[in-house]
Amino acid sequence: MAVMIRNEVFSCFVFYGVLLVIKMYVIAIITGQVRLRKKAFANPEDALRHGGLQFHREDPDVERCRRAHFNDMENILPFLFLGAIYSMTGPSLAVARLHFLVFFIGRVLHSIAYLLALRAPTRSLAYIVAQVPCFSMALQILTAVAAYA
């Protein structure tokens with residue numbers, strides 16, 4: 001492990017990867033808080049604890065938070081894989097940092113746009129911005145390993 005942490009590119013990836021995981025936790029906490037505020041519980045036992053079965057229901061604001069969280073899982077998990085492998089291909093620190101930073105900023109903006117229901121195409125543009133470095137990393141990984149396929 002110490003060898004990987006001494007790899008500057010991998011350490012940079014770990015920094016942004018951990019920030020993204022923390023961001024996912026924040027979205028989960030926001031979802032729970034919106035559930036409590038709106039009294040919209042997914043499970044009957046939670047509804048009973050907070051006022052009765054009438055609160056075992058869906059709410060559009062809670063569903064928006066959940067979709068933002070699911071979208072994070074669909075996009076951040078592949079980034080974590082791609083970023084880890086990309087870090088091992090020997091990219092320059094400056095280029096790698098740019099890839100990781102652009103993805104991070106794109107995902108933060110995407111979450112903000114999702115949670116605040118910002119006008120289209122804000123969320124779509126943030127999604128595209130975050131996908132560019134992932135696509136770039138994937139191509140560079142494939143190029144690096146193609147000779148071994």
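In this predicted model, the buried residues of helix α6 are A126, A130, P133, C134, M137 and I141, and the elements that cover them include α4 and α5. Helix α6 itself runs over residues 122-145, and its 24 residues, at 1.5 Å a residue, should span 34 Å; the end C-alpha atoms lie 36 Å apart, which agrees with that expectation.

The axes of α5 and α6 come within 8 Å and cross at roughly 155°. Because an angle over 145 degrees counts as roughly antiparallel, α5 and α6 are roughly antiparallel to each other, and their crossing is left-handed. On the α5 side the contact is made by H99, F100, V102, F103, G106, R107, L109, H110, A113 and Y114, while α6 contributes T122, R123, A126, Y127, V129, A130, Q131, P133, C134, S136, M137 and Q140. Sorted by class, this contact of α5 with α6 has 13 nonpolar, seven polar and two charged residues. Among the buried residues of α6, A126, A130, P133, C134 and M137 also appear in the contact with α5.

Helix α4 (residues 60-87) also pairs with helix α5 (residues 93-115), their axes coming within 10 Å and crossing at roughly 175°. That angle makes α4 roughly antiparallel to α5. From α4 the contact draws on R64, C65, R67, A68, N71, D72, N75, I76, F79, G83, Y86 and S87, and from α5 on V95, A96, H99, F100, F103, R107, H110, S111, Y114 and L115. By class, the contact of α4 with α5 has eleven nonpolar, seven polar and four charged residues. Several α5 residues, including H99, F100, F103, R107, H110 and Y114, are listed both in the contact with α4 and in the contact with α6.

The two pairings are set side by side below.

| Helix pair | Axes come within | Crossing angle |
|---|---|---|
| α4 and α5 | 10 Å | roughly 175° |
| α5 and α6 | 8 Å | roughly 155° |

One residue of α5 can be followed individually, namely L93, whose place is in that helix. At 24% relative accessibility, L93 counts as partly exposed, since buried would require a value under 20%. Leaving aside neighbours within four places in sequence, L93 is in contact with E8, V9 and C12. With respect to L36, by contrast, L93 is 57 residues away in sequence and 44 Å away in space, taken from C-alpha to C-alpha.

Key:
Residues are numbered from 1 along each chain as its sequence is written. This is a predicted model: local features need pLDDT of at least 70, side-chain atom pairs count only at pLDDT 80 or more; totals for chains, interfaces and linings use all residues. Side-chain values use heavy atoms; hydrogens and water are left out. Axes are lines fitted to C-alpha atoms, for helices over the stretch in contact, and angles run from 0 to 180 degrees between N-to-C directions. Helices (H or I, at least four residues) and strands (E, at least two) are DSSP runs, numbered from the N terminus. Angles under 35 degrees count as roughly parallel, over 145 as roughly antiparallel, 65 to 115 as roughly perpendicular and the rest as oblique. Contact means heavy atoms within 4.5 Å. Ala, Val, Leu, Ile, Met, Phe, Trp, Tyr, Cys and Pro count as nonpolar, Asp, Glu, Lys and Arg as charged, and the others, Gly among them, as polar. The expected span of a helix is 1.5 Å times one less than its number of residues. Buried means under 20% relative accessible area, exposed over 50%, partly exposed in between (1.4 Å probe, protein chains only). A crossing is left-handed if the near helix is turned anticlockwise from the far one by less than a right angle, and right-handed if clockwise.
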